[in-house]
Amino acid sequence: MTATYAPLNPTPRILLGPGPSNVPPAVYRAMSAPLVGHLDPEFVALMEEVKQMLREVMLTKNATTFPVSGTGSAGMEFCCVNLIEPSDEVLICVNGVFGARMTDVAQRCGAQVATVQAPWGRIIEPEAVATALKEMKAPKLVGIVHAETSTGVRQPMEEIARIAHDHGALLLMDCVTSLGGCPVRVDDWQVDAAYSGTQKCLSCPPGLAPVTFGARALEKATKRRTKAQSWYLDLNLLAGYWGQDRVYHHTAPVTMNYALREALRLVLEEGLEKRWARHEQNHYALKAGLEAIGLKLASQEGHQLWQLNSVTIPAGVDDATVRRRLLQRYNIEIGGGLGEWKGKTWRVGLMGESSREENVMLFLAALGNILNDFGCRIDTGAALSAASAVYRQRGEKRCEA
Ligand SMILES: *Cc1c(COP(=O)(O)O)cnc(C)c1O
């Protein structure tokens, strides 16, 4: 007996979790375009476009800017394996899951890792980084997460970059969740190396990790005493394909590059400032709506991400039940808390294509209804009015950063 399998038929969801976010139709269309070879002159031209578009979105002139094959974590691993040599002293800032992941990756590269910790939901204070660096002999790298998706905190970058450089260390920035949703200024902030991912605020399916290396990072990666421990992620080998020579290294995921090209085109068509302002406005509308029904964001006031909102779960409400009902009744996906915040927070993403007024209103209405099932006595109308007021007031407001 051979089994029969139904044709693939995934439900179109409203993706309001920590990623992936909803994908615009133009990106889906790009993914059904005919495949060409990874060395086809047309694909080579597309690679050049993708590199240039990424420079525009990352606000950098770095020639070494391209998408690594793999998700955001591959970008993290790419940066670490190329920038860290065994026994290098490295400082990683940890205030959530992704800082902790970077610590693990750096340790696997053979680094002597020190960490600066901050409580979940709070930023890393620059003074703490300075103090930690003073205790190290020859720190080579400081790693930090710009948008901590596990907590919803946006980390101020500039001062920490300056401190790292004062101590002779490179600055590595995780901008997986920030890119395309709030200002990311690689050159202005003097970030030496950064990596991102496609499925958060760029609204492209998961599968590529944009990376950028400045001059100092490039020097470290190209003048290593030891080979990078990863063949697949070795910058010196990848440069042969993404640089001018076009030497085969691995078969580029052609279709994913189509998708990223189209997603980046849409980002640039909207304009970075406008896109940031859209994320900002939808965040404030959501926040106002939640506050009107007594719900609070768990992350530090003044440093809350626009694209990821960690909401404290009210007492007596079961995390998993609410998320299941959101999915079953309203087709909405949100994320649960991670690590220390598991069962304590919901993570509501308003990323890229998902960051829309209609999603904010629908989510507030859906959540209000579900909480009422728990006997919470929620005035859903008050949440909607408060959110609407933000849209009215801030109709023309420009982005603050
Ligand atoms: C999602 C995320 C990652 C990892 O990306 P994957 O695509 O899941 O591999 C890394 N850092 C941050 C801040 C993220 O939000």
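Reply: Strands here are DSSP runs of at least two residues marked E, and helices are runs of at least four marked H or I, each kind numbered from the N terminus. With that in hand we can place features along the chain of this model, which is predicted.

Me: Where does Gln-190 lie, and what is its phi?

Reply: Gln-190 sits in the loop that runs between β8 (170-174) and β9 (193-195). Its phi is near 60 degrees, a positive value in a residue that is not glycine. The residue is partly exposed, at 45% relative accessible area.

Me: Which loop holds Arg-377, and is the residue counted as exposed or buried?

Reply: Arg-377 belongs to the loop between α12 (357-373) and α13 (380-393), and here too phi is positive, about 55 degrees, although the residue is not a glycine. Its relative accessibility is 78%, and because exposed means over 50%, Arg-377 counts as exposed.

Me: What is the peptide bond from Gly-19 to Pro-20, cis or trans?

Reply: That bond is cis, with omega near 0 degrees. Pro-20 itself is in the loop between β1 (14-15) and α1 (25-31).

Me: How many residues surround the ligand, and how do they divide into nonpolar, polar and charged?

Reply: The ligand is surrounded by 13 residues, the closest being Thr-71, Ser-73, Thr-149, Asp-174 and Lys-200. By character, four residues of this shell are nonpolar, six are polar and three are charged.

Me: Which side chains have an N or O atom 2.6 Å or 2.9 Å from an oxygen atom of the ligand?

Reply: The side chain of Ser-73 has an N or O atom 2.6 Å from a ligand oxygen, and for the side chain of Thr-177 the distance is 2.9 Å. The protein buries 89% of the 380 Å² that the ligand exposes when taken alone. Two elements, α3 (72-83) and α4 (97-108), give two or more residues to the shell around the ligand. The backbone takes part as well, since a polar backbone atom of Gly-72 is 3.0 Å from an oxygen atom of the ligand.

Me: How many salt bridges does the structure hold?

Reply: The general idea is that side chains of opposite charge can pair when their charged atoms come close. The structure holds 22 such salt bridges. In one of them the side chains of Arg-265 and Glu-269 meet at 3.2 Å, N to O; both residues lie in helix α9 (residues 254-270), four residues apart, which is about one turn of the helix. Arg-265 is partly exposed, with a relative accessible area of 27%, whereas Glu-269 is exposed, at 59%.

Me: Which helices hold Asp-373 and Arg-325?

Reply: The side chains of Asp-373 and Arg-325 meet in a salt bridge of 3.5 Å, N to O. Asp-373 lies in helix α12 and Arg-325 in helix α11 (residues 319-330), so the pair ties together parts that are 48 residues apart in sequence. Asp-373 also meets Arg-329 in a salt bridge, at 2.8 Å, N to O. This second pair links α12 to α11 across 44 residues. Elsewhere, salt bridges that share partners join Glu-49, Arg-261, Glu-262, Arg-265 and Glu-269 into one network.

Me: Which residues form a nonpolar patch on the surface?

Reply: Trp-231, Tyr-232 and Leu-237 form that patch, and together they have about 310 Å² of accessible area. Leu-237 is placed in helix α8 (residues 235-242) and is partly exposed, with a relative accessible area of 34%.

Definitions and conventions
Residues numbered from 1 in each chain as written. Predicted model: local features only at pLDDT ≥ 70, side-chain atom pairs only at ≥ 80, totals over all residues. Heavy atoms only, no water. Buried < 20%, exposed > 50% of the residue type's maximum accessible area, 1.4 Å probe, protein only. Patch = residues over 30% accessible without salt bridge, like charges linked within 9 Å, V, L, I, M, F, W, Y side chains within 5 Å. Areas by Shrake-Rupley, 256 points an atom, 1.4 Å probe, with all protein chains shown as cover. Salt bridge = Lys/Arg side-chain N within 4 Å of Asp/Glu carboxyl O. Near = heavy atom within 4 Å. Polar contact = N/O pair within 3.5 Å; in protein donor to acceptor, adjacent residues only side chain to side chain. Nonpolar A, V, L, I, M, F, W, Y, C, P; charged D, E, K, R; others polar.
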